[in-house]
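Please read the points below beside the coordinates, as they are meant for checking rather than for a first introduction. They go from the ligand site to single buried residues, then to a sheet and to charged pairs.

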Amino acid sequence: MKSISERDKEVIWHPYTQMQTSGMPVAIVKGEGAYIYDENNKKYIDAISSWWVNTLGHCNKYIASKISEQLMKLEHVIFAGFTHEPAVELAERLLKHLPLNHKKIFYSDNGSTAVEVALKMALQFWTNNGLKKQKIIAFRNAYHGDTFGAMSVSGRSVFTTPFSDLLFDVEFIDVPVKGQEEISFLQLQKAAKSDDVAAFIFEPLVQGAAGMVMYAPEILDEMLAICNEKNIITIADEVMTGFYRTGTFFATDRLKNKPDIICLSKGITGGFMAMGVTSCNEKIYNAFLSEDKTKTLYHGHSYTGNPLSCAAAIASLDLYEDKTCEENVLRISFRNDVFRKQIQHYQSVSEVRSTGTILAIELKTSEGTSYHSNIRTSIYDFFMAKGILMRPLGNILYILPPYCISDEDLDIIYSAITDFLESYNIK
Ligand code: PMP
């Protein structure tokens, strides 16, 4: 009999995978807390929360039971002209965590669609106001998703090269990493001078796919102040940073100046169901209110506001709001920081950084930082052999664990990293 992996090879095309050279996919048959189990019953610690979504661990019984309850009541209903209790409750509860002036929640399916909706809200805000403002400012090397709008505002890279002529122009500015704040700030100031800037989009505090690049809230706050002054709409892409990933409920909680639009996904359902959310303040929303139908936001997906996703998100919120969640986040953040200090002077390490529950280690290489860095595969294999799922971004290895991970499992990961760093010869 063929294994699941063998059957997969015959029929499936996987994301972000060169199918000709990729090995056998690992078939996972069970998840439990911080662990996933393959078809041979090998256990792995999921050190990256399965592409950053399983913030609350796998197969959380509480979330599962709430989805199951919902499943017996209403699985789905069209969301134009109709509504339901889980969608309303979720919006009410999310708004309690979002900036005070955020008034509306728009549902979609994933992080990329949450960003698409945000871009459309920002661009149409201006046309609805009778103004032609179409320029978007974004950070260099940003990653906002794989749909065309989201790709356009993302850094130009190997991910976007085949489509580069089709992406709209964006004014890219440098990320204000330590030591670069002034340069980046001046670039924003310059870009903001032009009258045609519609919006500024950013991943607050941590640029995920760029390699867990981190920067300080203070400088971002100053950048938002300039945008407010120049009437530029600000869009925070909290798809990865939301739900305590950076230590606070949202990364933008650390800012005094609040974004006009916020994108959420990933951890919103604890990793159970696909969902995207775009929230906005009254200023944005009001620009779409009119007797004139052309001012409508004509955007929607078949599964918008899916009741099962909403139920999963409400149950996840129950857990996020429980004090054990915050305690776990603090515990992981503290331990990551201690470990960061222990390894920062290793010869093979060019930089170690941590923010909240994210720890990133940039390895020295002769080829510099690159997603296609040759060492990526060897790092991946090294950790998989030790039963740890880690998916380096080129020469940057990072952990972004579910909050239920135990201290013992963190120690297993830390010690595997130390073994790796000690055996690594700069290539
Ligand atoms: N924005 C950010 C900051 C992300 O990290 C991602 C996904 N890694 C996305 C958007 C796109 O989300 P999705 O993969 O759900 O479309």
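1. A polar contact is taken here as a pair of N or O atoms within 3.5 Å, and the model to which this is applied is a predicted one. By that cut-off, the side chain of N110 qualifies, since one of its N or O atoms is 3.4 Å from an oxygen atom of the ligand.

2. The surroundings of the ligand deserve a look as a group: W52, N110, G111, S112, Y143, H144, G145, E203, D237, V239, M240 and K266 surround the ligand. For S112, an N or O atom of the side chain is 2.6 Å from an oxygen atom of the ligand, whereas for D237 a polar side-chain atom lies 2.6 Å from a nitrogen atom of the ligand.

3. What is the nearest side chain of opposite charge to E116, a residue that is buried yet has no salt bridge? That side chain belongs to K120, and it is 6.2 Å away; because a salt bridge requires the nitrogen and the carboxyl oxygen to be within 4 Å, a separation of 6.2 Å does not meet the criterion. E116 is found in helix α5, which covers residues 111-128, and its side chain makes a polar contact of 2.5 Å with the side chain of T147. When neighbours within four places in sequence are left aside, the contacts of E116 are T147, F148, G149, A150 and H299.

4. Q207, in strand β8 (residues 206-207), is buried, with a relative accessible area of 1%. Apart from its neighbours within four places in sequence, Q207 is in contact with F139, R140, N141, A142, V175, M212 and V213.

5. One sheet may be followed strand by strand: it is open, has 4 strands in the order β1-β2-β3-β15, and shows mixed pairing. Its edge strands are β1 (28-32) and β15 (388-389), each of which pairs on one side only. Strands of a sheet pair through backbone hydrogen bonds, either parallel or antiparallel. Between β1 and β2 (residues 35-38) the arrangement is antiparallel, with 4 bridges joining the two strands, and the bridge partner of K30 in β2 is Y37.

6. Turning to charged pairs, a search of the whole structure finds 16 salt bridges. Side chains of opposite charge can pair when their charged atoms come close. E89 forms one such bridge with R93, with the closest N and O atoms 3.2 Å apart; the two residues are 4 residues apart in helix α4 (residues 85-97), and are therefore separated by about one helical turn. E89 is partly exposed at a relative accessible area of 24%, while R93 is buried at 15%.

7. R93 also meets the side chain of D318 in a salt bridge of 2.8 Å, N to O. Because D318 lies in helix α10 (residues 307-321) and R93 in helix α4, this pair ties together parts that are 225 residues apart in sequence. D318 is partly exposed, with a relative accessible area of 25%.

8. A further salt bridge joins the side chains of R340 and D337 at 2.9 Å, N to O, and both residues lie in helix α11 (residues 323-343), 3 residues apart, about one turn of the helix. R340 is buried, with a relative accessible area of 18%, and D337 counts as partly exposed at 24% relative accessibility. Elsewhere, salt bridges that share partners join E89, R93, D318 and E321 into one network.

Conventions. Residues are numbered from 1 along each chain as its sequence is written. This is a predicted model: local features need pLDDT of at least 70, side-chain atom pairs count only at pLDDT 80 or more; totals for chains, interfaces and linings use all residues. Side-chain values use heavy atoms; hydrogens and water are left out. Buried means under 20% relative accessible area, exposed over 50%, partly exposed in between (1.4 Å probe, protein chains only). Lys and Arg count as positive and Asp and Glu as negative; His and the chain ends are not counted. A polar contact is a pair of N or O atoms within 3.5 Å; within protein, one must be able to donate a hydrogen and the other to accept it, and residues adjacent in sequence count only if both atoms are side-chain atoms. Contact means heavy atoms within 4.5 Å. Two strands pair if DSSP finds at least two bridges between them. A residue is near a molecule or strand if one of its heavy atoms lies within 4 Å of it.
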